[in-house]
Amino acid sequence: MAGVLAAGPIGIFVFVALFLAGLSALASLALTVAIQLVVIGSIVVIGIMVQTDEEKNGSGTQDQTPGQRELPETWIFHSRRESSERQYRSALIARRTGQTASIARVLTEIGSDVHQCADHDALLETVKVRQDRWSLMVFDIDAATDLDSAVMDLMDFRTTCPDVPVILLSGDVTRDDFSGHRRPIGDITLRKPVFRGRLIEAVRCVGLDLEPAYHDI
């Protein structure tokens, strides 16, 4: 399309120039058409070369660290409270709602940076790559588009990252479960809506060392 658009004005200019130079109208037209075809072909070739170069040097996953995924646009970062003496990093798999914003706020209060994303595949794979850098996984299983797939992915995650505690969130359970009954996929299950005190209790129970101010909550 760019070649065709460019060839039009060029063709008019060339035809007039050749005709004024003394060539017949037929000869001028023939040379003009030939030059237009060269212009169109050149622009097409340049476009193919640029596209090929972008594919080689662009943001494709071929050049990423194995296991990493390109961050989706829905990735949200919540920075920990600066005054906190603790420095944690938590993964929050959940849609962006008022409830999850509250959960993220509580986690930042206790000293955790929070990476939130509704794409559980993206966040699980990110944690797997550098599991030693992550302190906690909070997974709202209601956010999963395919529950069976999410459960299988969680079982695989627990096998790959046994040292990263997992807190599950669900609106379908009847009550909070601290028994470890769902240990193959998570350490603790909290019923939604999740209250601040119960979340802090769950975080403490999975082994995070909280500041003294949170010990009696």
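**Group meeting: sheet and helix packing in a predicted model**

I'll start with the weak part. Over residues 52–72 the pLDDT stays under 50, and for that stretch the model has 16 contacts beyond four places in sequence. This is a predicted model, so please keep those scores in view. The chain as a whole averages a pLDDT of 79, and 69% of the residues score at least 70. Among the elements, helix α1, residues 2–20, has the lowest mean pLDDT, 60. The highest, 97, belongs to strand β4, residues 136–140.

Now the sheet. Six strands make an open sheet, and the order across it is β1-β3-β2-β4-β5-β6, with mixed pairing. Which strands stand at the edges? They are β1, residues 76–78, and β6, residues 188–191; each has a single partner strand, so one side of each is left without a neighbour in the sheet. On average, neighbouring strands are turned by 20° against each other, direction ignored. As a general reminder, strands of a sheet pair through backbone hydrogen bonds, either parallel or antiparallel. Here, β5, residues 166–170, and β6 run parallel and are joined by four bridges. In that pair, L168 stands opposite T189 of β6.

Next, the helices on the sheet. Helix α4, residues 120–129, packs on the sheet and touches β2 (88–93), β3 (112–117) and β4. The direction of α4 makes about 155° with that of β2. Helix α5, residues 147–160, also packs on the sheet, touching β4 and β5. The direction of α5 makes about 165° with that of β5.

These two helices also pack against each other. The angle between α4 and α5 is about 5°, and their axes are 11 Å apart. That makes α4 roughly parallel to α5. From α4, the contact uses H120, D121, L124, V127 and K128; from α5, it uses A150, D153, D156, F157 and T160. By class, the residues of this contact are four nonpolar, two polar and four charged.

The other helix pair is α3, residues 98–109, with α6, residues 196–205. They pack at an angle of about 50°, with their axes 10 Å apart. The two helices are therefore oblique to each other, and the crossing of α3 and α6 is right-handed. What makes the contact? On the α3 side it is I103, V106, L107 and E109, and on the α6 side R196, L199, I200 and V203. The contact of α3 with α6 has six nonpolar residues, two charged ones and no polar ones.

One last item, on the backbone. Most peptide bonds are trans. Where does this model have a cis peptide bond? It joins K192 and P193, with omega at about 0°. P193 lies in the loop between β6 and α6. That loop therefore follows an edge strand, since β6 has a single partner in the sheet.

That is what I have; the low-scoring stretch to remember is residues 52–72, with pLDDT under 50.

Conventions
Residues numbered from 1 in each chain as written. Predicted model: local features only at pLDDT ≥ 70, side-chain atom pairs only at ≥ 80, totals over all residues. Heavy atoms only, no water. Axes fitted to C-alpha atoms, helices over the stretch in contact; angles between N-to-C directions. Parallel < 35°, antiparallel > 145°, perpendicular 65-115°, else oblique. Left-handed = near helix turned anticlockwise from the far one by under 90°. Contact = heavy atoms within 4.5 Å. Nonpolar A, V, L, I, M, F, W, Y, C, P; charged D, E, K, R; others polar. pLDDT = per-residue confidence, 0-100. Pairing = 2+ DSSP bridges.
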